[in-house]
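Hi,

Here is the structure I said I would pass on. Have a look at it first, and my notes follow underneath.

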Amino acid sequence: MTPASRIEATLTIEEVRKHARVLVIDDHVFPAEKTFTRDGYHLERWPYVKNLSQLTDGHYQLILLDVQGVGLAESPDKQGLGILEHIKKTNPAQAVILYSSDTYSVSSSRYIMLADAFLDKSSSYVDYKDEVDRLLLTQSSPGYFIARMNQQLGASAGMVPKAVRYANSAFKSGKTARLERYLRGRLPDAAQADTALKIVSIGISIIALFLK
């Protein structure tokens, strides 16, 4: 499939599942791990954070993150919530399902709301699978990543009114040079431009992976 046709591709969950990489971070056995593997998902489990960069560089298309007992070295006070906060700050497009067997106070809700889904650890396999499939499929469309780019731009979006057009062109061509010049030329915050570009670049790579 040519780069120009990527934006028009409609993929099924079966096509996406063949290539999608799913990571579970849990210091205990993840109950649904064997069932996901049985059904053809490429699932890996870390008992602790082995590589923080791989959580934000698009290496995994979906992360299932336990709240308690993980991220102790990186965020001892917030644990999994701290890892979630870092992921979403560094790469807002990274899909994360947060889960826990505990209840949380209102003060924790602002972190939980960063996640793309929140489940009770004891939820059934089909509940987990529904959310996994939904989040994997959303990443087969450029619209998901462009929406996250706009979300990250926030109030600065008015300074780059052609960003969506250039991002769409980037998905069609597979090249981000024009979008990069535009964002860097108009956004005073270089870090914000970097994050927006990262979202689109990772999106291009993920859709190309799904189309293999």
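**What I found**

There are 10 aromatic pairs in the structure. Keep in mind that this is a predicted model.

Take F30 and Y99 from that set: their ring centres are 5.5 Å apart with the planes at 40°, so this pair is tilted. F30 sits in the loop between β1 (21–25) and α2 (33–38), while Y99 belongs to strand β4 (residues 95–100), so the pair ties together parts that are 69 residues apart in sequence. Both partners are out of the solvent by our cut-off, which is under 20% relative accessible area for buried. F30 is buried at 1%, and Y99 is buried at 0%.

The two rings also belong to a wider group: F30, F36, Y41, Y99, Y125 and Y128 form one aromatic cluster. One member, Y41, has a charge over its ring, as the charged end of R17 sits 5.1 Å from the ring centre.

On to the strands. β1 and strand β2 (residues 42–46) run parallel and are joined by five bridges. Within that pairing, R21 stands opposite H42 in β2. To get from β1 to β2 the chain passes through α2, and this β-α-β crossover is right-handed.

Next, a lysine to look at. K121 is in the loop between β5 (117–120) and α5 (125–138). Is K121 buried or exposed? With a relative accessibility of 15%, K121 counts as buried, because the cut-off for that label is under 20%. Its side chain makes a polar contact of 3.0 Å with the side chain of D26. Leaving aside residues up to four places away in sequence, K121 touches D26, H28, V29, P31, D66, Y99, S100, S101 and Y128. Two of those names, Y99 and Y128, you will recognise from the aromatic cluster.

Last one: A95, which is found in strand β4, the strand that also holds Y99. At 0% relative accessibility, A95 counts as buried. The C-alpha atoms of A95 and A115 are separated by 7.6 Å, with the two positions 20 residues apart along the chain counted as their distance in sequence. With residues up to four places away in sequence left out, A95 has contacts that include Q61, L62, I63, K88 and D116. L135, Q139 and Y144 are also touched by A95.

Cheers

Key:
Residues are numbered from 1 along each chain as its sequence is written. This is a predicted model: local features need pLDDT of at least 70, side-chain atom pairs count only at pLDDT 80 or more; totals for chains, interfaces and linings use all residues. Side-chain values use heavy atoms; hydrogens and water are left out. Rings of Phe, Tyr and Trp (its six-membered ring) pair if their centres lie within 6.5 Å; planes under 30 degrees apart count as stacked, over 60 as edge-to-face and the rest as tilted. Helices (H or I, at least four residues) and strands (E, at least two) are DSSP runs, numbered from the N terminus. Buried means under 20% relative accessible area, exposed over 50%, partly exposed in between (1.4 Å probe, protein chains only). A charge sits over a ring if NZ of Lys or CZ of Arg is within 6 Å of the ring centre and within 35 degrees of the ring normal. Two strands pair if DSSP finds at least two bridges between them. A crossover is right-handed if, with the strands pointing away from the viewer, the path from the first strand over the helix to the second runs clockwise. A polar contact is a pair of N or O atoms within 3.5 Å; within protein, one must be able to donate a hydrogen and the other to accept it, and residues adjacent in sequence count only if both atoms are side-chain atoms. Contact means heavy atoms within 4.5 Å.
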